[in-house]
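Thanks for coming, everyone. Let me put the structure up, and we'll walk through it together.

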Amino acid sequence: MKRSSLASACLLAIMSLSTASFAANVTVLDGAQLFDGSGKPVIDNSRVVIQDGIIKAAGAAADVTIPAGAIVTQYKGKTIIPGLISDHTHLGQYDATISGSPFNEATIARQLLQYEGFGVTTVVSMGVNGPEFYPIREKLRSHSMKGADIFGADKGIGVPLGAPPAKVGADQLDRPATPDEARAAVRAAAARGTDLIKLWLDDFQGAHLVKMEPAIYTAAIDEAHKQGLRVVAHIYYLQDAKDLIKAGADVLGHGVRDTLIDDEFVSLMRTHGTWYIPTLGVDEASFRFAEQPELLKDPSVRKALNPKLLAQFEDPKWRETQLANPGLKLWHQGLENNLRNTKRLVDENLAVGFGTDSGAMPLSIPGYAEHRELELLVHAGMTPAQALTLATGKAADMMKLTDRGRIEAGKRADLVVVDGDPTKNIEALDHIVEVRSSGEKASLTFTPY
Ligand SMILES: [Zn+2]
């Protein structure tokens, strides 16, 4: 046999071997209660079949056949839910362990493993992303890097001397001064391969920053749509939210917090098909640990907090400063308005997604913040199952992700196994026993971000 044909014979043998082991690589999760993320009632005794990272079948155990050669594991007493999707996060914004820029692969890798350990298998980084975002996204897609999968809104469109107040490098944020500069920034982000365009319309309350001019956001939105991209807008005030919907913004990245929403707003959202990401926890995070220091003893907080941050939050001086912050009253009022507004929009059956702004500031802790957001949705008056539907199926719909967010044949096998029933008691999410991303078991332990 010639060398070349020997080589191809060997290659053929390897190929047939790997095909054979692939075919046998079938995992069955049997006997759990199944919450599929669609909002349909749970299935008590379910069967989920996974092959090559994809859900092959899912449903009542009586209706799903176990393929020959499959590895079957019993999950009686457990609940399977889709991997959580957080539509509003920020990657690499701080790192207590280094002095340089936190927007780097090592820091972001830790953050993504932490999300995954909390059952959050997909996150959307809503702006201030450095150029490293794209190679990281690529590595996650090709499974050469572990952790939650990512989507993002590139750098984002801010305002010179205005919002956002973040002090980040020029390669992490555009601050266009003219409509033409705004269009150029959007085109550059599109060329880099962004998933969305982000802009900020806010004066950040106490900071009273210069707000974006309508001519700038109108140009950015128009250019984004020309590029086939949707626009997510940071908002705080009801009037800004209405103006942006009228200007064509596709997603409001935060809830309205200055006041209660009115009929005009509800009707605008319905007419324009606008998405709304409440981020209930974003205001609460600013005061929660200062007002309730006993929470810092909670094991699920401790496992999520970098020891340096934990020490800071446990320091009575830090607490005193936080509680003396003039923003305290506004944060409380913001949360109250946000809870009521969110409940109304869900009751109106409008397009509500799920996100937290986790990672934007140290107090909004990746993974933990998503669990808290679910609790707050329940606190707002939703059932735990409704809250979980927002964080799975609806969150995927907001991102137009048709390959995940629900447990059904053909979707990515991103799922979370919980001891107990989170559809009855949302706090059962503290008892995650297994997380799978594209079928692979994720590590439940991580180095806190
Ligand atoms: Zn944000």
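I'll take a sheet, then an annotated domain, then a single aspartate. One thing up front: this is a predicted model.

Start with the sheet. It is open and has 5 strands. The order runs β2-β6-β14-β15-β16, and the pairing is mixed. Which strands sit at the edges? They are β2, residues 33-34, and β16, residues 440-441. Each of those pairs on one side only.

Now look at that β16 end. Strand β15 covers residues 432-437, and it runs antiparallel to β16, with 2 bridges between them. Find Arg-436 there. Opposite Arg-436, in β16, stands Lys-441.

Next, the domain. An unreviewed UniProt entry annotates residues 79-431 as "Amidohydrolase-related". That span is 42% helix and 10% strand. How far apart are the C-alpha atoms at its two ends? They are 10 Å apart.

Last stop: Asp-202. Look in the loop between β10, residues 197-200, and α5, residues 214-226. Is Asp-202 buried or exposed? Asp-202 is buried, and it has no salt bridge. The nearest side chain of opposite charge belongs to Arg-257, 5.2 Å away. A salt bridge needs the charged atoms within 4 Å.

So what does the Asp-202 side chain meet? One partner is the side chain of Gln-205, a polar contact at 3.0 Å. Then there is Phe-204: its backbone nitrogen lies 3.2 Å from a polar atom of the Asp-202 side chain. Beyond four places in sequence, Asp-202 has further contacts, including Lys-211, His-234, Tyr-236 and Tyr-237. Ala-163, Leu-209 and Val-210 are also among them.

That's the tour. Over to you.

Conventions: Residues numbered from 1 in each chain as written. Predicted model: local features only at pLDDT ≥ 70, side-chain atom pairs only at ≥ 80, totals over all residues. Heavy atoms only, no water. Pairing = 2+ DSSP bridges. Helix = DSSP H or I, 4+ residues; strand = E, 2+ residues; numbered from the N terminus. UniProt positions renumbered as here; feature names shortened; annotations may be inferred. Buried < 20%, exposed > 50% of the residue type's maximum accessible area, 1.4 Å probe, protein only. Lys, Arg positive; Asp, Glu negative; His and termini not counted. Polar contact = N/O pair within 3.5 Å; in protein donor to acceptor, adjacent residues only side chain to side chain. Contact = heavy atoms within 4.5 Å.
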